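The following exercises are to be worked with the sequence and the model at hand. Each task is followed by a solution in steps.

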Amino acid sequence: MPDQGGLQLLPETRKKIEIITPGENRLLFIGAIVLAMAAVLMGGLYFYRNSLENKLESLDKEIAALEQGRNRQAEQNILVFNKQISMLSDLLDKHTYWTTAFSKIEGLTQSQVQFGTMVATVADNKIVFEATAANYTTIARQLAAFLSDEAITDVSLNKANTLTDGRLGFSVQISFDRSKFLTSK
């Protein structure tokens, strides 16, 4: 059929026509590169995992060695001692320091006042005392001196009377803030 009526439509020999398109293997190369990178990444992660496992094993051995070297009885004694110290600290923080209170009273006492009796009760936060003074001005100054201290919340004069020697006898009740009056701080 190649030759019909003197006209040849198709050549008798065929030639292969090759058309080379640049980049036709591009996806194949990209896939190969991604595969190589994945293989390198997997290999790196494998070696990293092995190094971490080795470190973990060495740390486990160190912990086991430390665990064997522990003295459990000494640790228990330290814990008990620590609890006792914390209880003792709490007790000392709440301890009543009468020396502090007496020092404050002594510092606030006028020079012309002499104490006769003193009764102090921590439960009521009160001190009641009887004293003598030269005159009413001294008693007034004494009451004002007690009120000037921030640890003392109230001062009341219970009685004042004249004694046979010409001095004045008086009784005072002092109410105080326990946290400020009876602590060493």
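**Exercise 1: A pair within one helix**

Task: Locate Arg49 and Glu53 among the helices and state their separation in sequence.

Solution. Arg49 and Glu53 both belong to helix α1 (residues 26-69) and stand 4 residues apart, about one turn of the helix. Helices are DSSP runs of H or I with at least four residues, strands are runs of E with at least two, and both are numbered from the N terminus. The model is predicted: local features need pLDDT of at least 70, side-chain atom pairs count only at pLDDT 80 or more, and totals for chains, interfaces and linings use all residues. Residues are numbered from 1 along each chain as its sequence is written, and side-chain values use heavy atoms, with hydrogens and water left out.

Next, examine the side chains. Those of Arg49 and Glu53 meet in a salt bridge at 3.7 Å, N to O; the term requires a side-chain nitrogen of Lys or Arg within 4 Å of a carboxyl oxygen of Asp or Glu.

Finally, classify the exposure. Arg49 counts as partly exposed because its relative accessibility is 46%, and Glu53 likewise counts as partly exposed at 39%. The classes are buried (under 20% relative accessible area), exposed (over 50%) and partly exposed in between, with a 1.4 Å probe and protein chains only.

**Exercise 2: A salt-bridge network**

Task: Determine which residues are joined into one network by salt bridges that share partners.

Solution. Begin with the total: the whole structure holds 4 salt bridges. One of them links Arg72 to Glu67, with the closest N and O atoms 2.6 Å apart. Glu67 is partly exposed at 34% relative accessibility.

Then take Glu75, which pairs with Arg70, the closest N and O atoms again being 2.6 Å apart. Arg70 is partly exposed, with a relative accessible area of 34%, and Glu75 is partly exposed at 31%. Through shared partners, salt bridges join Glu67, Arg70, Arg72 and Glu75 into one network.

**Exercise 3: A nonpolar patch**

Task: Identify the residues that make the nonpolar surface patch of about 480 Å².

Solution. The patch is made by Phe81, Ile85, Leu88, Leu91 and Leu92. Patch members have over 30% relative accessible area and no salt bridge; like charges are joined within 9 Å, and nonpolar side chains (Val, Leu, Ile, Met, Phe, Trp, Tyr) within 5 Å. Areas follow the Shrake-Rupley method with a 1.4 Å probe, and for residues only the protein chains shown count as cover.

To place one member, note that Phe81 lies in helix α2 (residues 72-93). Phe81 counts as exposed because its relative accessible area is 52%.
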